[in-house]
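Subject: Structure for you to look at

Hello,

Here is the structure I promised to pass on. Please open it beside this email and follow along.

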Amino acid sequence: MENNLATKVAVVSGASKGIGLAISQALAAAGAHVVAGARHNSPELQALEAAGSATFVAADLSTTEGPRALVAAAAQRGGVDILVNNAGAVTPRFEGLLSVSDEDWMEALTLNFLSAVRITREAVPHMLVRGGGAIVMIGSVNATLPEWNIVDYSASKAALANFAKSLSKEFGHKGIRVNTISPGPVATDLWLAEDGIAAQFSAASGATPDQVVDSVVAGSATGRFTTPAEVADLTVFLAGEQAANITGADIRIDGGYVPTL
Ligand SMILES: NC(=O)c1ccc[n+]([C@@H]2O[C@H](COP(=O)([O-])OP(=O)(O)OC[C@H]3O[C@@H](n4cnc5c(N)ncnc54)[C@H](OP(=O)(O)O)[C@@H]3O)[C@@H](O)[C@H]2O)c1
């Protein structure tokens, strides 16, 4: 797939680390110029910038202004061919539903769902001008495998997958393809950082973070977390011509974590 995206401009949200960084690196390796949005830059993104493969946009994408600034930067590069809505976060709710406030719900829905709506709304006119494009949502297995202790996150990812399907129907005949990737546990800071999910579940359960990780993957078929690079490879495939007739799909990458079809 080397250079199959040459001349393309790709917008990636949440691009400074984890899955979004791996996607930015893979899109750049395939020849695209990446317009990379996050609140903070990172050494890895700076390296892509230094190589001329990326433009970093400092933006809080949970605001109304952030998505506009991100897509405006892409417009300055000539437009948008590829959009990856990846920015997201999860906060465990160990006290259950009755502890989850309106503010908590709004925070989860705004970052995990509404930011994607806003970025997409800004990007689609640019894709239409260019005769089409590809949009990839980074969802989660929790869209269809909801968990009580991440109730707001699960609902926000379900909304994201639902939105992607609607978009695929509206814009398919105008050349815009829209697909969702639903990862199971991926080896990023979200899970593995000092304040990540494993550490938070560890503090709540008394198990060590490593024991939490082991128990999470124990029931999966491959017995390990997905790597960010594996999610990135799938994203590059969906963004490219090899996937020209794939739209409205929701593709799981979870090492068999979800036990049902
Ligand atoms: N890791 C997993 O197991 C897993 C599984 C399924 C789905 N996912 C999904 O994959 C996506 C990426 O997750 P990850 O594991 O790569 O997380 P991560 O390592 O925590 O990275 C999150 C990225 O999003 C950015 N971000 C967070 N809040 C933002 C905001 N308000 N405005 C702009 N950027 C923001 C962060 O940059 P800044 O902090 O600099 O803003 C960072 O670049 C998320 O949507 C997540 O739900 C992850």
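In which helix does serine 202 lie? Serine 202 sits in helix α7, which spans residues 197-205. One thing to know before going on: this is a predicted model.

Now stay with serine 202. Its relative accessible area is 13%. The cut-off for buried is under 20%, so serine 202 is buried. Setting aside neighbours within four places in sequence, serine 202 is in contact with Ala207, Thr208, Pro209 and Val212.

The ligand

Next, find the ligand. It is surrounded by 30 residues. The closest are Ser16, Asn86, Tyr153, Val186 and Thr188. By type, the shell around the ligand divides into 14 nonpolar, eleven polar and five charged residues.

Three helices are worth colouring here. α1 (18-29), α5 (151-171) and α6 (189-192) each supply at least two residues of the shell. The largest share comes from α6, with three residues.

Then look at three side chains that reach the ligand:

- Histidine 40 has a polar side-chain atom 2.8 Å from an oxygen atom of the ligand.
- Aspartate 60 has a polar side-chain atom 2.9 Å from a nitrogen atom of the ligand.
- Lysine 157 has a side-chain N or O atom 2.8 Å from an oxygen atom of the ligand.

How much of the ligand does the protein cover? On its own, the ligand has 880 Å² of accessible area, and the protein covers 94% of that.

The nonpolar cores

Move on to the largest nonpolar core. It holds 34 residues. Leu5, Ile23, Leu27, Ile138 and Ile181 touch the most other members. Several elements give two or more residues to this core, among them the strands β1 (9-13), β2 (33-38), β3 (54-58), β4 (82-85) and β5 (133-138). The helices α1, α2 (43-50) and α9 (228-239) do so too. α1 gives the most, with seven residues.

Take isoleucine 181 from this core. Beyond its neighbours within four places in sequence, isoleucine 181 is in contact with a list of residues that includes Val136, Met137, Ile138, Val231, Leu234, Leu238, Ile251 and Ile253. There is also a second, separate core of 28 residues. Val57, Ala73, Ala74 and Val124 are among its members.

Leucine 5

Where does leucine 5 lie? Leucine 5 is in the segment before β1. Its relative accessibility is 1%, so leucine 5 counts as buried. Leaving out residues up to four places away in sequence, leucine 5 touches Leu27, Ala30, Gly31, Ala32, Ile82, Val236, Ala239 and Gly240. Compare leucine 5 with aspartate 81 as well. They are 76 residues apart along the chain, and their C-alpha atoms are separated by 9.5 Å.

Histidine 173

Finally, is histidine 173 buried or exposed? Histidine 173 has 65% relative accessibility. Exposed means over 50%, so histidine 173 counts as exposed. Look for histidine 173 in the loop between α5 and β6 (176-183). Its side chain reaches the backbone oxygen of glutamate 170 at 3.5 Å. Glycine 132 is 41 residues away from histidine 173 along the chain, and the two C-alpha atoms are separated by 9.2 Å.

Best wishes

Terms used
Residues are numbered from 1 along each chain as its sequence is written. This is a predicted model: local features need pLDDT of at least 70, side-chain atom pairs count only at pLDDT 80 or more; totals for chains, interfaces and linings use all residues. Side-chain values use heavy atoms; hydrogens and water are left out. A residue is near a molecule or strand if one of its heavy atoms lies within 4 Å of it. A polar contact is a pair of N or O atoms within 3.5 Å; within protein, one must be able to donate a hydrogen and the other to accept it, and residues adjacent in sequence count only if both atoms are side-chain atoms. Accessible areas come from the Shrake-Rupley method with a 1.4 Å probe; for residues, only the protein chains shown count as cover. Helices (H or I, at least four residues) and strands (E, at least two) are DSSP runs, numbered from the N terminus. Ala, Val, Leu, Ile, Met, Phe, Trp, Tyr, Cys and Pro count as nonpolar, Asp, Glu, Lys and Arg as charged, and the others, Gly among them, as polar. A nonpolar core is a set of buried Ala, Val, Leu, Ile, Met, Phe, Trp, Tyr and Cys residues joined through side-chain atoms within 4.5 Å. Buried means under 20% relative accessible area, exposed over 50%, partly exposed in between (1.4 Å probe, protein chains only). Contact means heavy atoms within 4.5 Å.
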